[in-house]
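Trainee: Could you take me closely through one part of this model, and then work outward from there?

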Amino acid sequence: MWFKLTLLLLAAIASGGSAEQARFDNYRVYEVSIETERQLQTLQHLELNPDGYNFWESPVQTNMRLSIVVPPHKFAHFEEITTALALKTRLQIEDFQKVIDNERPNRSTRATFGWTDYYTVDEIYAWMDEIVAQNPSILSGTVYGRSFEGRDLKAVKLSHKAGNPGIFIEANIHAREWISSATATWLLNELLTSSNPAVQNLAQNYDWYFIMVANPDGLTYTKTTNRQWRKTRQPINDLCVGTDPNRNFDYMWMNGGASSVPCSDTFAGPAAFSEPETRAMADYYATIADRINIQFSFHSYGQYLLTPFGYTGAPLPSNEADLQRIAAVTAAAIQATHGTRYTYGNSASVLYVTSGSTVDYFVGVHGTRLGYTFEFRDTGATGFVLPANQIIPNGEETLNGIIAFIAEARTLGYV
């Protein structure tokens, strides 16, 4: 009986079984640089046996940086590890709970949907339904599937006329990256309401397809239980819940930068498309792929603009020079807005190896010519918990970047 109760307790801990919001008082976040195989192997072992540590990125290779959340009872242990391994570290966040507490300064004063706060899945969906109802001649909504927990998977299309080139944007596939869906909703609102001729041109001469919340179960869980949650919410076994949906797509699945360990944050799933959320997105994209010229995947954080492919040993796309030329123009426009500096380049080279991602799938399977990942603000001061007062500035620089992106893509003959 004791053994059974212990297993149940462990399962509750692993899945976040309580609905009470987890707190991270005095937890620190360190950036760690992996330079040697010994360092890599030790950190990989630690991720498998975390005992309170939380890895924001999985240690998948040397010559990469990652962030580790260190609980107070592990401060001494972490110092011992860094000394023994000669690890280079940087303190990113002194008290993670304070960053969380400061994330939403306007939460008590908001009256309607806007961009000075973050919102729940239900609130985002209600806003989407409302604007579709208000603009029936140019907006249409689609329920393209159901999540594991039974939530709608929703998309919205903006189209002023037939025959436009298509742009597809998916956001919040990683649950904790709230800024991604906030930016996507802000961008659609600008396309609907802006008086800027450049933005009106984008709205009228391109068809826009948005998936605002690709992982609604995970986003809901970050609101109710654990702000750090990344994955889906389908149980894998008695101890582990969820799959990284951005490692679950069926293109070069499990070919580097993904984990086969179910409790890992980068667990790729028991099989490609094991998650209803990823299968449904792939099926939906297949119905529109021949109309899509540009695909963007919205993520955070780090301030990167990344091009495919991400898997181990991947060849560069045949249009690699164009991809980097467009990225350079986009990064320059982003920086010109508020001074935010983006690093751009091939994702496996600039950041780290990944496989089973949305961008690789859309480019590799459907031949989408321009597929990019945005990693939004910041570079580590708040990590995934970007204060809501940065939603609008982040949106403004992203929109200016996209205006420049499309202009360059048009020059090069892609749209």
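Mentor: Gladly: I will begin with one helix, follow its charged partner, and then visit some other charged residues and the backbone features.

First, some ground rules. This is a predicted model, so local features need pLDDT of at least 70 and side-chain atom pairs count only at pLDDT 80 or more, while totals for chains, interfaces and linings use all residues. Residues are numbered from 1 along each chain as its sequence is written, and side-chain values use heavy atoms, with hydrogens and water left out.

Our helix is H5, residues 121–134; helices (H or I, at least four residues) and strands (E, at least two) are DSSP runs, numbered from the N terminus. At 1.5 Å a residue, the 14 residues of H5 should span 20 Å, and the end C-alpha atoms are indeed 20 Å apart. That expected span is 1.5 Å times one less than the number of residues.

Which residues of H5 are buried? They are Val121, Ile124, Tyr125, Trp127, Met128, Ile131 and Val132. Here buried means under 20% relative accessible area, exposed over 50%, and partly exposed in between (1.4 Å probe, protein chains only). Looking down the axis of H5, you find these buried residues within an arc of 160°, so they line one face of the helix; the arc is taken from the directions of the C-beta atoms as seen from the helix axis. The face turned away from that buried side carries the exposed residues Asp122, Ala133 and Gln134. The cover over the buried residues of H5 includes strands E5 (139–146) and E6, together with helices H6 (178–193) and H8 (216–224).

H5 also has a charged link to E6. Side chains of opposite charge can pair when their charged atoms come close. We call the pair a salt bridge when a side-chain nitrogen of Lys or Arg is within 4 Å of a carboxyl oxygen of Asp or Glu. Asp129 and Lys154 form one, at 2.9 Å from N to O. Since Asp129 lies in H5 and Lys154 in strand E6 (residues 152–158), this salt bridge ties together parts that are 25 residues apart in sequence. Asp129 is partly exposed at 40% relative accessible area, whereas Lys154 is buried at 10%.

By the same rule, the count comes to 20 salt bridges. One of these joins Arg23 to Asp101, with the closest N and O atoms 4.0 Å apart. Their positions are 78 residues apart: Arg23 is in the loop between helix H1 (2–15) and strand E1 (28–34), and Asp101 is in helix H4 (residues 96–101). Arg23 is partly exposed at 47%, and Asp101 is partly exposed at 40%. Asp25 belongs to the picture too, as Arg23, Asp25 and Asp101 are linked in a network of salt bridges. Elsewhere, Asp290 and Arg291 pair at 3.7 Å; Asp290 is exposed at 70%, and Arg291 is partly exposed at 38%.

Now for a charged residue without such a partner. Glu375, in strand E12 (residues 370–376), is buried yet has no salt bridge, and the nearest side chain of opposite charge, Arg230, is 7.4 Å away. For charge, Lys and Arg count as positive and Asp and Glu as negative, leaving out His and the chain ends. The Glu375 side chain does reach the backbone nitrogen of Ser300 at 3.3 Å. Among the residues in contact with Glu375, beyond its neighbours within four places in sequence, are His299, Tyr301, Tyr304 and Tyr342; contact means heavy atoms within 4.5 Å.

Finally, have a look at the backbone. Two peptide bonds are worth finding: the one from Pro308 to Phe309 is cis, with omega near 0°, and the one from Arg377 to Asp378 is cis, with omega near -5°. Phe309 lies in the loop between strand E10 (304–307) and helix H10 (320–338), and Asp378 in the loop between E12 and helix H13 (391–411). Met254 is not a glycine, yet its phi is positive at about 60°; Phe273, also not a glycine, has a positive phi of about 60°. Met254 sits in the loop between H8 and helix H9 (276–288), and Phe273 lies in the loop between H8 and H9. Met254 is partly exposed at 32%, while Phe273 counts as buried at 12%.

Methods:
A polar contact is a pair of N or O atoms within 3.5 Å; within protein, one must be able to donate a hydrogen and the other to accept it, and residues adjacent in sequence count only if both atoms are side-chain atoms.
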